[in-house]
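Work through these exercises with the sequence and the structure side by side. Try each task before reading its solution.

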Amino acid sequence: MAARNIKNRLEQLTERNREERLSRLREEVQAFWDSELEGHFWAEEKILEMFASHVGPQDEGIGRILQEHRQMEGWIRDGGEKELGQLSELLVSHIRFEEDSLFGRIEGVFDQEEFDKTIQILAEATPKVIHIPGPAL
Ligand SMILES: [Fe+2]
């Protein structure tokens with residue numbers, strides 16, 4: 001998974017290679033955003049809009065996801081070594097929260113029409129396949 005890869009790559013930085021490797025890692029994280037994460041966040045937020053019509057826009061779970069998405073976007077856009085480390089940690093806990101709590105709540109309230117719409121949204125967000133030179137993320 002990308003998050004673990006970011007963490008491993010940060011752990012391999014040394015005084016001698018830091019500048020070059022960090023800048024390469026930042027480029028790859030940006031490419032990961034462009035090819036995958038941006039569409040993924042977009043799709044989730046469209047789905048959360050439908051969920052909000054059931055539970056209200058003030059729902060704590062919805063608020064948490066939106067806040068964490070904005071936080072991660074900011075770190076990807078202009079984060080340094082520290083922020084990329086934070087990104088790798090938040091990505092893991094974020095996905096865990098979605099899978100363990102939020103998605104089950106959504107499944108519990110969506111009707112057939114909303115499930116169909118969800119499938120449509122996810123299909124639209126299918127990541128672009130791009131070639132990233134260098135070590136895979
Ligand atoms: Fe998310």
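**Exercise 1. Find what share of the chain's contacts between residues at least 6 apart in sequence join residues at least 24 apart.**

Solution. The model is predicted. Take the contacts between residues at least 6 apart in sequence. Of these, 70% join residues at least 24 apart.

**Exercise 2. Describe the chain as a whole: its elements, its spans and its buried share.**

Solution.
- Step 1: list the elements. The chain has five helices and zero strands. From the N terminus on, the order reads α-α-α-α-α.
- Step 2: take the spans. Along its principal axes, the C-alpha trace covers about 55 × 30 × 20 Å.
- Step 3: take burial. The chain has 137 residues, and 12% of them count as buried.

**Exercise 3. Work out how helix α1 (residues 2-11) packs against helix α4 (residues 81-109).**

Solution.
- Step 1: get the geometry. The two axes come within 8 Å and cross at roughly 150 degrees.
- Step 2: name the orientation. Angles over 145 degrees count as roughly antiparallel, so α1 is roughly antiparallel to α4.
- Step 3: assign the hand. The crossing of α1 past α4 is left-handed.
- Step 4: list the contact. From α1 come Ala-3, Ile-6, Lys-7 and Leu-10. They meet residues of α4 including Leu-84, Leu-87, Leu-91 and Val-92.
- Step 5: sort by class. The contact of α1 with α4 holds seven nonpolar, two polar and two charged residues.

**Exercise 4. Do the same for helix α3 (residues 60-78) against α4.**

Solution.
- Step 1: get the geometry. The axes of α3 and α4 lie 10 Å apart, at an angle of about 155 degrees.
- Step 2: name the orientation. The angle makes α3 roughly antiparallel to α4.
- Step 3: assign the hand. α3 passes α4 in a left-handed crossing.
- Step 4: list the contact. The α3 side includes Ile-65, Met-72, Trp-75 and Ile-76. Among the α4 residues they meet as a group are Leu-90, His-94, Phe-97 and Arg-105.
- Step 5: sort by class. The residues of the contact of α3 with α4 are 10 nonpolar, five polar and five charged.

**Exercise 5. Decide how α2 runs relative to α4: roughly parallel or roughly antiparallel?**

Solution.
- Step 1: get the geometry. The axes of α2 and α4 come within 12 Å and cross at roughly 25 degrees.
- Step 2: apply the cut-off. Angles under 35 degrees count as roughly parallel, so α2 is roughly parallel to α4.
- Step 3: assign the hand. α2 passes α4 in a left-handed crossing.
- Step 4: list the contact. Leu-22, Leu-25, Val-29, Ile-47, Phe-51 and His-54 in α2 meet four named partners: Glu-81, Leu-84, Ile-106 and Val-109 in α4.
- Step 5: sort by class. Eight residues of the contact of α2 with α4 are nonpolar, one is polar and one is charged.

**Exercise 6. Place Ala-52 and Glu-45 in the chain, and classify their exposure.**

Solution.
- Step 1: place Ala-52. Ala-52 sits in helix α2.
- Step 2: count its neighbours. Ala-52 has 13 other C-beta atoms within 10 Å, so Ala-52 is partly exposed.
- Step 3: list its contacts. Leaving out residues up to four places away in sequence, Ala-52 touches Pro-57, Asp-59 and Ile-62.
- Step 4: compare sequence and space. Ala-52 and Ile-106 are 54 residues apart in sequence, and their C-alpha atoms are 9.6 Å apart.
- Step 5: turn to Glu-45. Glu-45 belongs to helix α2 (residues 18-55). Its 14 C-beta neighbours inside 10 Å make Glu-45 partly exposed.
- Step 6: compare again. Glu-45 and Arg-70 are 25 residues apart in sequence and 11 Å apart, C-alpha to C-alpha.

**Exercise 7. Check the length of helix α5 (residues 112-124), then judge whether α5 is in the open or buried.**

Solution.
- Step 1: predict the span. At 1.5 Å a residue, the 13 residues of α5 should span 18 Å.
- Step 2: compare. The end C-alpha atoms of α5 are 19 Å apart, which agrees.
- Step 3: check burial. Zero of the 13 residues of α5 are buried, so α5 lies largely in the open.
- Step 4: take one residue. Glu-113 is found in α5. Glu-113 has 9 other C-beta atoms within 10 Å, so Glu-113 is exposed.
- Step 5: take one distance. Glu-113 and Gln-58 are 55 residues apart in sequence and 23 Å apart in space, C-alpha to C-alpha.

Notes
Residues are numbered from 1 along each chain as its sequence is written. This is a predicted model: local features need pLDDT of at least 70, side-chain atom pairs count only at pLDDT 80 or more; totals for chains, interfaces and linings use all residues. Helices (H or I, at least four residues) and strands (E, at least two) are DSSP runs, numbered from the N terminus. The expected span of a helix is 1.5 Å times one less than its number of residues. A residue is buried if 20 or more other C-beta atoms lie within 10 Å of its own, exposed if 12 or fewer, and partly exposed in between; C-beta atoms are placed from the backbone. Axes are lines fitted to C-alpha atoms, for helices over the stretch in contact, and angles run from 0 to 180 degrees between N-to-C directions. Angles under 35 degrees count as roughly parallel, over 145 as roughly antiparallel, 65 to 115 as roughly perpendicular and the rest as oblique. A crossing is left-handed if the near helix is turned anticlockwise from the far one by less than a right angle, and right-handed if clockwise. Two residues are in contact if their C-beta atoms, placed from the backbone, lie within 7 Å. Ala, Val, Leu, Ile, Met, Phe, Trp, Tyr, Cys and Pro count as nonpolar, Asp, Glu, Lys and Arg as charged, and the others, Gly among them, as polar.
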